[in-house]
Amino acid sequence: MRYHPFRGIRSRAATLVACALTTTLVAAGATPAHAAADTERPTAPGPITVVAVDTTWVELTWAASTDDVGVVRYPVGARFEDSGAQYSTDTNSIRITDLRPSRTYTFSVWALDAAGNSSVSNPTLRLTMPPGDDQPPSAPGQPVAYDVAATVVRLRWPHSVENVALDRYEVFRVDAGGTLTRVREVYQYPPVNSAQVSGLTPNTTYTFVVQARDEVGHLSPLSAPVTVTTLPPPPSCAVRSVVRQWPDGFVAHLVVENTGTTAIDGWTMTWRFWASQQVRGIWGAKVVDRLNNSYLRVGNTSRNAVVPPGGTVSLGLVATGTQLPEEITLNGGLCTVADE
């Protein structure tokens, strides 16, 4: 093979000429399509239709959108009441799973191109899923009353047994003659097995029952009843406190006086007590629980449950932190507080 020292030079020269010619042609003509910004929206997808459906899934399709460059995906929304989810597909159909029987969903679809342009006037479809069961839930367990106050009662009960999904619990007051009056509905999903009933009359006896409802609308039998008597009106009370503090703790002596005209038979007290604080010691009372990590609740001992009118009860507390007892209540009634 003979070597040609000028062959490479001629080849490079030809390349430069071709590039210059291309540059001239581009300058003289329009900007290439790939360099132009895409600002055109895709057309709206066609109406949504159901291909197949079962109790927990649905397959949807729609007429494809068109776009001057090309549609890259279809976001699909599924909404039930105030909650929803979003899915995505690069074709004009989708299968959505994990839905709930008997619920009514609103499905929507729109088109997106590679530049992020979205279609407008997009279709929606409202669809009620087929019912998923033909069996009612079992009766809830017998309710138990706790945190009984003058106008409020809290109830809890063992859950119903349901073969698909519970929708809610309903709490009824059993009035004279057996008439049922619904006083609470527990909608939270999954339904919690407790409820607060408020607006009651002090020192009054009530009977309550609970019923479960599944998502199809089947009703369970009624639970066994619970009967509870609300407390008398909150007593009038006054608290004298003696507190000794140190940098990260205190000891408090509280003298609580019944300033009302009727005796108190059994009592609980609350006061502000932050979540970071800990009880190191207590006397004259026993800790019941912490309320919302902001209040400490204590109750009487067997020796000081009864406080006659004008009588007092003494208790003490050793605790960490700097939040001293304040906003003190006795059986739900706010006490006046005086420091000594």
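## Getting started

A residue is called buried when its relative accessible area is under 20%, exposed when that value is over 50%, and partly exposed in between (1.4 Å probe, protein chains only). Take W62 as a first case: with 3% relative accessibility, W62 counts as buried.

What you're looking at is a predicted model, in which local features need pLDDT of at least 70 and side-chain atom pairs count only at pLDDT 80 or more, while totals for chains, interfaces and linings use all residues. Residues are numbered from 1 along each chain as its sequence is written, and side-chain values use heavy atoms, with hydrogens and water left out.

## The overall picture

Strands are everywhere here: the protein has 27 of them, plus one helix. Both kinds of element are DSSP runs numbered from the N terminus, with helices being H or I runs of at least four residues and strands being E runs of at least two.

The chain has 340 residues, and 36% of them count as buried. About 19100 Å² is exposed, with carbon and sulfur atoms supplying 53% of that; the areas come from the Shrake-Rupley method with a 1.4 Å probe, and for residues only the protein chains shown count as cover. Now for contacts, meaning heavy atoms within 4.5 Å. Among those between residues at least 6 apart in sequence, 64% join residues at least 24 apart.

## One disulfide

How many disulfides are there? Counting pairs of cysteine sulfur atoms within 2.5 Å, the answer is one. The disulfide joins C237 to C335, with an S to S distance of 1.9 Å. These two cysteines come from distant parts of the chain, 98 residues apart: C237 is in strand β16 (residues 237-246), and C335 is in the loop between β26 (333-334) and β27 (336-339).

The torsion about the S-S bond is about -95°, so this disulfide is left-handed. Both ends are tucked away: C237 is buried at 6% relative accessibility, and C335 is buried at 8%.

## Rings meeting rings

There are five aromatic pairs in the structure. Rings of Phe, Tyr and Trp (its six-membered ring) pair if their centres lie within 6.5 Å; planes under 30 degrees apart count as stacked, over 60 as edge-to-face and the rest as tilted. W62 and Y74 have ring centres 5.6 Å apart and planes at 65°, so they are edge-to-face. Since W62 sits in the loop between β2 (58-61) and β3 (71-80), and Y74 in strand β3, the pair ties together parts that are 12 residues apart in sequence. Y74 is buried too, at 5% relative accessible area.

Y206 and F208 have ring centres 6.0 Å apart and planes at 20°, so that pair is stacked. Both Y206 and F208 are buried. Elsewhere, ring pairs link F80, Y105 and F107 into a cluster.

## Charges over rings

A charge sits over a ring if NZ of Lys or CZ of Arg is within 6 Å of the ring centre and within 35 degrees of the ring normal. R95 lies over the face of W57, 3.6 Å from the ring centre. The charged end of R156 is over the ring of Y146, at 4.0 Å from its centre.

## A look at A224

A224 is in the loop between β14 (205-214) and β15 (226-229). Is A224 buried or partly exposed? Its relative accessible area is 35%, so A224 is partly exposed.

Leaving aside residues up to four places away in sequence, A224 touches Q142, P143, F208 and V209. A224 and Q142 are 82 residues apart along the chain, but their C-alpha atoms are separated by 4.8 Å.
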